[in-house]
Amino acid sequence: MATRSLARAGLLGLICGLAAFVVGAAGWLAGVDASAYDFGLRTRPPLPRVGRVAVVEINDETIKRLGRWPWPWSRHARFVRALQEHYKPDAIVFDLLFIEPDVEEEAAEFARAVKEAGNVYLAAFFSRVPGDGGREAGERIPWLVGEYLGEGEQHGEPFASLHPPTAELAEAAAGVGPVNVVPELDGSVRRLPLVLDHGGAPYVSLVGLVLDALVNPNRERPQVRPGEAVDLGGYVVPIDRCGETLVSYTNAWGDGFRQAFPHYRYDEVLSRSIRPRALEGKVVFVGFAATGMADVHPTPLTSGTFGLDINAHALNGLLQGRFLRVAGWPARLGLALALGLLASLVAGTWSPGRALAISMVLVAWCLGFAAFILWWRGIWLGAAAPSLAVLGAYTLTVAQRYRESERESLRMQSTVDALAQATRVIASVRLRAEVLEEVRAQITDAMGARQTNIYLAGEAGEELKLATASAGEGEAPLYDMEETTVGWVARHGMMHLVRDVAAGSTLSKELARSVGMAVGSVAYAPMAHRGEVVGVVEVVRGVSDARFEEGHLAVLEALANEAAVALRNVDLYEQLEGKVEIANRQLVRAYGELKQERDRVSAIVSNMADGVLLTDAEKRVVFVNPAAAAMFSAEAAEVEGKPVSAALPYAALLEQLDDEPLEPTTTVPRIRLEKPRRLVLSPRTVRLIDEEGKRTGAITVVSDITLLEELSEMKTEFVSLVSHELRTPLTSIMGFAQTLRSDTERLPPGEQDEFLGIIEQESNRLVVMINDLLDISRMEAGRALAMHYSEVDLRELAEHVIRFQRVTTSAHSFRFEFPEHVVSVEGDRDKVEQILTNLVSNAIKYSPRGGEIVVGASEERDEVKVLVRDQGVGMSQEEVGALFQPYQRVDRDAIKGIRGTGLGLYLVRGLTEAHAGRVWVESEPGQGSTFYFSLPKHRAEKEAGV
C-alpha cells in the first residue's frame with residue numbers, strides 16, 4: 001500500500017514538473033522568471049578585468065560649456081582628431097545618429113577626419129516601416145552583413161528599411177551598424193541585438209561591428225546560426241532566435257553601475273585636458289547623457305540607465321568572454337522533473353508541516369542554484385518553472401494523501417456501521433431459521449460475498465452439518481471434524497483465509513459439495529460463544545471477484561461470534577410471545593429509500609436539457625422526457641407504446657437502435673429538422689443487457705447541437721471569404737510583378753510606376769487585412785491589444801485613409817467636415833487608422849451605386865466624435881442590433897453580391913473600446929448609414945482591455 005502511494009506521488013510529481021515546464025515555456029511565468037534572473041545577475045561577481053571600454057558622454061555640463069545641440073560637424077571633426085592624435089584609442093564609436101546633413105563644408109571636414117582616423121564606427125537605425133533610407137549612399141555604406149548557416153531562420157521581426165548616416169559620412173567610416181534596442185515586457189533591457197534581419201540577410205549591430213573589428217582581424221564574414229551563436233572569425237558569441245545576446249552586466253562590487261567603466265566629458269576630450277593614457281588602447285563610446293536627450297532604460301541592476309552605458313556593458317562583457325545564455329530545454333525540463341519528483345516524494349513520506357518546510361527549502365535552493373549556475377557558468381536555468389513544480393507537487397500530493405485518508409476513514413466508518421447494523425439485526429431475530437437466514441444475508445452483504453454457508457456442530461461434536469446456503473437444494477452435506485477444512489477451523493477455533501483456490505485442488509472439490517460456482521477465494525471463521533465452538537461460517541467469492549484480504553477476517557469474526565450468541569439465545573426467544581419482526585421494519589425502510597431514490601432520478605431525467613428516450617427489447621418507446629418531446633414536437637402520450645420506426649422515423653435514430661453493434665466511427669450522428677424550427681440533433685444510445693447477456697432495451701440521449709452546427713458553418717464561410725480576400729491582392733501583386741519582370745524593357749516608365757503603385761497598394765491592403773485578423777485573434781483569445789499612444793491629427797489621418805481608399809472606386813466622391821483648427825486625440829495611430837479604414841471601406845462597399853461619402857469630426861468636452869456617412873443601402877433597427885458581433889452580416893438581396901467576413905465592425909468596436917471610446921450607427925433602409933465613434937482627447941488612466 002505504501003509503495004503504491006509513493007509511486008502515485010512520484011508520478012504526480014513528474015506530471016507537475018512537466019506541467020510547470022510547459023507553462024514556463026509558454027511564457028506565462030516570464031515576469032517571475034525575469035525577477036529571478038535579475039536576482040541571479042545581482043549576485044554575479046564583477047568582471048575579472050577592468051576592460052577595454054571607456055565612455056565619453058555629452059552631459060548637461062558639456063552642453064552648458066559648448067552650447068545647445070546640434071553642434072556644427074566641424075566640432076566633431078576636431079573631437080575625432082583630438083582622440084586620434086592625443087589619446088590613440090583602438091576604436092571610436094559614435095552612439096549618435098548623423099542622419100540629417102550639415103553645412104557642406106562642415107560635413108566634408110567631419111568626413112575627412114573620420115576617414116583619416118580609420119577606426120571610427122557610426123550608428124544607424126533600422127525601421128519596420130518601408131522607406132528609402134540609405135538608398136542615396138547605395139553600396140558604399142560599410143555595413144557588416146553576415147550569412148545564415150543551414151536552415152536557420154531568425155524569429156525576430158524583419159526590418160523593412162535602413163537609416164544610416166549621410167552618404168559622405170557613412171562612406172568615410174570604418175563601419176556602420178544599427179543601434180536598435182527592444183526592451184522586454186517590463187521595459188527592462190536584458191538583451192542586446194547582435195544581428196538584425198533586413199531583406200533576408202543578417203546585419204551586424206554597432207556593438208557586434210566593433211566586436212568583430214577587435215576579434216576578427218582577418219575580416220572573415222560572420223556566420224549566423226539563429227538560436228545558437230554568431231561566429232566572428234572563430235570568436236563565437238551565443239544568441240537567441242531573435243539574434244540577441246544577454247548583456248553581461250556587472251555591479252563592480254559596490255563601485256556603482258556607472259563606475260564600471262571610466263566616464264569622461266566630451267569637452268574634456270576636446271580640450272585635451274585629461275591624461276593621454278586614459279583612453280589609449282580603449283574602445284571609446286561617445287553618446288548622450290544629457291537630460292532629455294539620452295535614451296534611458298531600466299536594467300536588472302538599475303531603475304534607469306543610459307543606452308550608452310548599456311552598449312558599453314554589452315561590449316565589455318563580450319570582449320572578456322563573459323557570455324550569458326539560457327539553458328536548453330532538456331536541462332530546464334530535467335530540473336523541473338527532478339524537483340517535482342523530489343517534492344512529491346517528500347510530501348508523500350513526511351508530515352505536511354515538515355514537507356512544506358522542505359519544499360520551501362527546495363524553492364530557495366532552486367533560486368540559489370540557478371543564480372550560482374548563472375554567475376559560475378553564465379547559464380540561466382530558470383527558477384520559476386522548477387519552483388512552481390515544487391509547490392504544485394507538494395500541494396497535489398498533500399491533497400492526494402488527505403483524500404486517501406478521508407477515503408480510508410469513510411471505508412472504516414462504513415465497515416463499522418455495517419457491522420453495527422448487522423449485529424442489531426441478528427440480535428433482533430427470534431426464530432432459529434430466521435436467525436440463520438439473517439446471519440447468512442448480513443454476512444454476505446457485509447463481506448461482499450457471492451455465497452455464505454453456515455455449518456452447525458452436532459450434539460456429539462464429531463461432525464458439522466450445512467445449516468443454510470445461498471444456492472442448491474437437496475440433503476445438506478455432513479463434514480467430518482478430522483478431515484475437512486471446515487472441521488479444522490471448528491477443531492482449532494481459528495480463522496482461515498485462502499486468497500486463491502486452485503482449480504482441481506482438494507479444497508476446490510470440498511467446496512463443490514455446497515457451492516454451485518467456480519470459487520476464487522474463501523474465508524472461514526468459527527462461531528464461538530464462551531469458549532465453545534457451535535459452528536463455522538464460510539464465505540466465498542467467484543473467480544471474477546476481488547480477493548478476500550486479511551482485513552476482512554476481523555469483520556467476519558465479529559459477525560460469526562454475534563451469530564453464535566444469537567443461536568444460543570434462540571431457545572429463549574422462541575418461548576417469548578408477540579415478538580416484533582425487525583426485519584420487516586428494515587424492509588419498509590429500504591422500500592421508502594428506494595421510492596425516494598426513484599423519485600429523485602425521475603425528477604433529474606424530467607428536467608434534463610438533453611432529450612432522453614427509453615425503449616424496450618422490441619424497440620417500442622417506453623418513456624420520453626419533456627426535452628425529447630419538445631425537440632421532436634410530439635406529445636409523450638402520442639409516442640409512448642409505439643415502435644420507434646413509426647413514432648420517430650429518423651434514420652440516424654433507427655441506426656443507433658439497430659441490433660447489430662455500430663462500427664467505430666468519428667462521425668457524429670445527426671438528425672436534421674426544419675419544421676417547426678431548424679434543429680440539428682445528435683442521438684447517442686446505450687444498450688441495456690441483463691445478466692444472461694440478452695438485450696432488454698436501450699437508453700438514447702439526444703443532444704441539441706444546432707448552435708455548434710451554425711458556428712461550424714459560419715467559420716467555414718469565414719475561411720472561404722478570408723481565402724478569397726487574401727487571394728485577390730496576392731493575384732494582383734503576382735500578376736503585375738511578373739509583368740514588370742518579363743517586360744521591363746518594353747514598358748514605359750509611366751506604366752512601370754503605375755504597376756509599382758498598384759503592387760504597393762495591394763500590399764498595403766494585404767497588410768491591413770492581416771493586421772485586422774491578428775487583432776481579432778488577440779481579442780477572441782481575451783488578450784489585451786498592444787497600444788502605442790501618440791498625438792493623432794484626425795484630419796490628417798482621414799486624408800491619408802481617403803487617399804488610399806479613393807483608388808478603389810470611381811463612383812464615389814469624398815467630402816470632409818472638420819473644423820478649421822486641428823482636431824487631435826491621444827491614441828494609437830495605427831489602430832485609429834484601422835477604424836477609419838474599415839468604416840470608409842464599408843461605406844464604399846455598401847454604396848454600390850456610388851454617391852457622396854462624408855468623413856468629419858467634432859469636439860465635445862473631453863472627447864472627439866468622428867463620423868463616416870454614406871448614401872448606401874442602409875439597415876433596419878433589427879439588423880443594427882447584431883451589427884457589431886463577430887461573423888454577423890446583413891442578409892438582404894440588396895447586398896447579395898458584396899463579399900465580406902463579418903469581422904470588420906467587430907474589430908472597429910474592439911479597437912474603439914481599447915481606447916476607452918464607443919461606436920454606434922444611425923441608419924434607415926435605402927437612406928444610407930452614418931457610423932460614429934468617439935475617442936477621449938487624452939489617454940485614460942486605465943487602458944480599456946479587449
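**Helix α10, aromatic pairs and cysteines**

Helix α10, which runs over residues 329-349, has 21 residues and reaches 30 Å from its first C-alpha to its last, close to the 30 Å expected at 1.5 Å a residue. The model described here is predicted. Within α10, the buried residues are Leu333, Leu335, Ala336, Leu339, Gly340, Ala343, Ser344, Val346 and Ala347.

Aromatic rings were examined next. A pair of aromatic rings is described by the distance of the centres and the angle of the planes. The count comes to 18 aromatic pairs. In one of these, the ring centres of Trp69 and Phe288 lie 4.8 Å apart and the planes meet at 80°. Planes over 60 degrees apart count as edge-to-face, so the pair of Trp69 and Phe288 is edge-to-face. This pair links distant parts of the chain, 219 residues apart. Trp69 is found in the loop between α3 (60-66) and α4 (73-87), whereas Phe288 belongs to strand β15 (residues 283-288). Trp69 has a relative accessibility of 28% and counts as partly exposed, while Phe288, with a relative accessible area of 16%, is buried. The cut-off for a buried residue is under 20% relative accessible area.

A second pair is formed by Phe126 and Phe159, with ring centres 5.9 Å apart. The planes of Phe126 and Phe159 are at 65°, so this pair is edge-to-face. Phe126 lies in strand β3 (residues 120-127) and Phe159 in the loop between β4 (147-148) and β5 (161-163), so the pair ties together parts that are 33 residues apart in sequence. Both rings belong to buried residues: Phe126 has a relative accessibility of 3%, and Phe159 has one of 9%.

Ring pairs also join residues into a cluster, made up of Trp69, Trp71, Trp73, Phe79, Phe94, Phe98, Phe110, Tyr266 and Phe288. Trp69 and Phe288, the pair with centres 4.8 Å apart, are thus among the members of this cluster. Trp71, another member, has Arg75 over its face, at 5.2 Å from the ring centre. Arg918 is likewise placed over the face of a ring, that of Trp920, at 4.1 Å from the ring centre.

The cysteines were considered last. The count of disulfides comes to zero. A disulfide would require a pair of cysteine sulfur atoms within 2.5 Å. Cys16 has a relative accessible area of 10% and is buried. Cys242 is partly exposed, at 34%.

Terms used. Residues are numbered from 1 along each chain as its sequence is written. This is a predicted model: local features need pLDDT of at least 70, side-chain atom pairs count only at pLDDT 80 or more; totals for chains, interfaces and linings use all residues. Side-chain values use heavy atoms; hydrogens and water are left out. Helices (H or I, at least four residues) and strands (E, at least two) are DSSP runs, numbered from the N terminus. The expected span of a helix is 1.5 Å times one less than its number of residues. Buried means under 20% relative accessible area, exposed over 50%, partly exposed in between (1.4 Å probe, protein chains only). Rings of Phe, Tyr and Trp (its six-membered ring) pair if their centres lie within 6.5 Å; planes under 30 degrees apart count as stacked, over 60 as edge-to-face and the rest as tilted. A charge sits over a ring if NZ of Lys or CZ of Arg is within 6 Å of the ring centre and within 35 degrees of the ring normal.
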